[in-house]
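Thank you all for coming. I would like to walk you through one structure this morning, going from a single residue out to the whole chain and then to the packing of its helices.

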Amino acid sequence: MRRADLADLIAFVAVADNLSFRAAASRLGVTPSALSHTLRHFEERLGFRLLNRTTRSVSLTDAGLRLLDRLRPAVEQISRGLEDLKSEQGHPFGCLRLYVTHLAGAAVIAPVWARFLSSFPDVQLEVHTAEAPADIVAKGFDAGIAPKDWAAADMIAVRVTGPMKVAVVGAPTYFARRRPPRVPDDLAHHSCVQYRRAAGTVFEWPFERDGKSRRVSLDGRIMVNDMDLAVRAAVDGLGVAYTIETLAGPFLRSGQLVRVLEDYYPGHRQVPVALRALIDMLHAARGSTPAKGLLEIPFAAE
């Protein structure tokens with residue numbers, strides 16, 4: 001059906017419901033003369049009259065009545081569909097497909113997906129992890145969590161951040177062989193797990209104390225591009241790792257890792273509040289420009 005035909009049918013139903021061009025025009029937001037002109041052209045294209053017009057009244061012809069009878073079920077179905085959509089506002093449903101970095105998947109999504117799915121039982125969640133930008137619209141994703149420079153110029157970027165705690169960690173077995181570092185300079189005597197960022201550069205460990213910040217370049221026998229692997233390397237006693245508390249937390253609680261250099265953690269770093277991020281992603285995915293939302297996350301590794 002052509003868009004013009006649909007507009008003509010909507011105009012016809014409005015006049016038929018109100019039996020008044022003035023009332024129908026007010027309902028549609030047009031002038032009575034424009035509405036009358038539309039209906040005349042519609043009748044000319046059809047080849048028969050739908051409305052009887054006098055200076056005082058409007059009535060349906062036999063053809064108009066037959067057309068209205070056939071249109072009525074469809075119009076009511078459309079109305080019910082619109083009402084259903086209105087009733088579902090604030091009640092997410094369907095499949096939410098997210099394109100995220102590995103770190104975002106582990107640190108942002110995984111800690112809250114059980115709560116999220118429990119809160120929204122009609123939602124199915126698909127999480128695709130990668131370490132390179134992609135055209136998330138072309139690939140059918142609703143949103144992404146990534147550094148801001150991943151966003152294309154026409155994407156909608158939403159920053160959702162909250163306080164982050166970083167952790168410099170190592171295994172007790174590792175520190176049994178080497179004295180734990182007391183200051184960042186002591187790391188020069190340790191094997192440090194290196195992290196290579198997606199851009200190819202090696203992450204320099206940031207530290208801060210008494211308002212003074214510094215970044216430290218370190219040596220180590222192992223380098224990874226996945227923060228989970230960095231934590232695993234530390235658990236296996238291969239060296240000291242710089243990570244975020246969310247990833248190291250389970251191993252710190254179990255005693256497989258211990259924390260060092262706590263007085264030197266940079267307090268200004270941020271990562272997303274995960275539940276807020278998911279809610280905002282749903283809003284972006286269900287907005288007027290679906291599948292074009294991209295949420296920014298300033299990772300510690302970027």
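Where does Leu-187 lie? Before I answer, please keep in mind that what you see is a predicted model. Leu-187 sits in the loop that runs between helix 7, residues 172-177, and strand 9, residues 194-195. Although it belongs to a loop, Leu-187 counts as buried, because its relative accessibility is 1%, and the cut-off for buried is under 20%. If we set aside the neighbours within four places in sequence, Leu-187 is in contact with Pro-181, Cys-192, Trp-205, Phe-207, Leu-218, Val-240 and Leu-261. Another residue to find on the screen is Asp-219, which is 32 residues from Leu-187 in sequence, with 8.7 Å from C-alpha to C-alpha.

One of those contacts, Leu-261, deserves a moment of its own. Leu-261 is found in the loop between strand 14, residues 258-260, and strand 15, residues 270-271, and it has a positive phi of about 60° although it is not a glycine. Is Leu-261 buried or exposed? With a relative accessibility of 7%, Leu-261 counts as buried.

Leu-19 also has a positive phi, near 50°, and is likewise a residue other than glycine. Its place is in the loop between helix 1, residues 3-18, and helix 2, residues 21-28. Leu-19, however, is partly exposed, with a relative accessible area of 43%.

Let me now step back to the chain as a whole. The protein chain has 10 helices and 16 strands, and of its 302 residues, 41% count as buried. When we take the contacts between residues at least 6 apart in sequence, 72% of them join residues at least 24 apart. The chain exposes about 16800 Å², and carbon and sulfur atoms supply 51% of that area.

With that background, we can turn to the helices, beginning with helix 5, which covers residues 102-109. In helix 5, 7 of the 8 residues are buried, so this helix is largely enclosed by the rest of the structure. The buried residues are Leu-103, Ala-104, Gly-105, Ala-106, Ala-107, Val-108 and Ile-109.

How do helix 2 and helix 3 cross? The axes of helix 2 and helix 3, the latter being residues 32-46, come within 8 Å and cross at roughly 100°, and the two helices are therefore roughly perpendicular to each other. On the side of helix 2, the contact is made by Phe-21, Arg-22, Ala-24, Ala-25 and Leu-28, while helix 3 brings Pro-32, Leu-35, Ser-36 and Leu-39. By class, the residues of this contact divide into 7 nonpolar, 1 polar and 1 charged.

The last pair I would like to show is helix 8, residues 227-235, and helix 9, residues 245-254, which pack at an angle of about 25° with their axes 10 Å apart. Helix 8 and helix 9 are therefore roughly parallel to each other, and their crossing is right-handed. Here Met-227, Asp-228, Val-231 and Val-235 of helix 8 meet Leu-247, Ala-248 and Phe-251 of helix 9, and the contact has 6 nonpolar residues, no polar ones and 1 charged residue.

For those who wish to look again afterwards, I would suggest returning to Leu-187, buried in its loop, and following its contact with Leu-261.

Note on methods: Residues numbered from 1 in each chain as written. Predicted model: local features only at pLDDT ≥ 70, side-chain atom pairs only at ≥ 80, totals over all residues. Heavy atoms only, no water. Axes fitted to C-alpha atoms, helices over the stretch in contact; angles between N-to-C directions. Helix = DSSP H or I, 4+ residues; strand = E, 2+ residues; numbered from the N terminus. Parallel < 35°, antiparallel > 145°, perpendicular 65-115°, else oblique. Left-handed = near helix turned anticlockwise from the far one by under 90°. Contact = heavy atoms within 4.5 Å. Nonpolar A, V, L, I, M, F, W, Y, C, P; charged D, E, K, R; others polar. Buried < 20%, exposed > 50% of the residue type's maximum accessible area, 1.4 Å probe, protein only. Areas by Shrake-Rupley, 256 points an atom, 1.4 Å probe, with all protein chains shown as cover.
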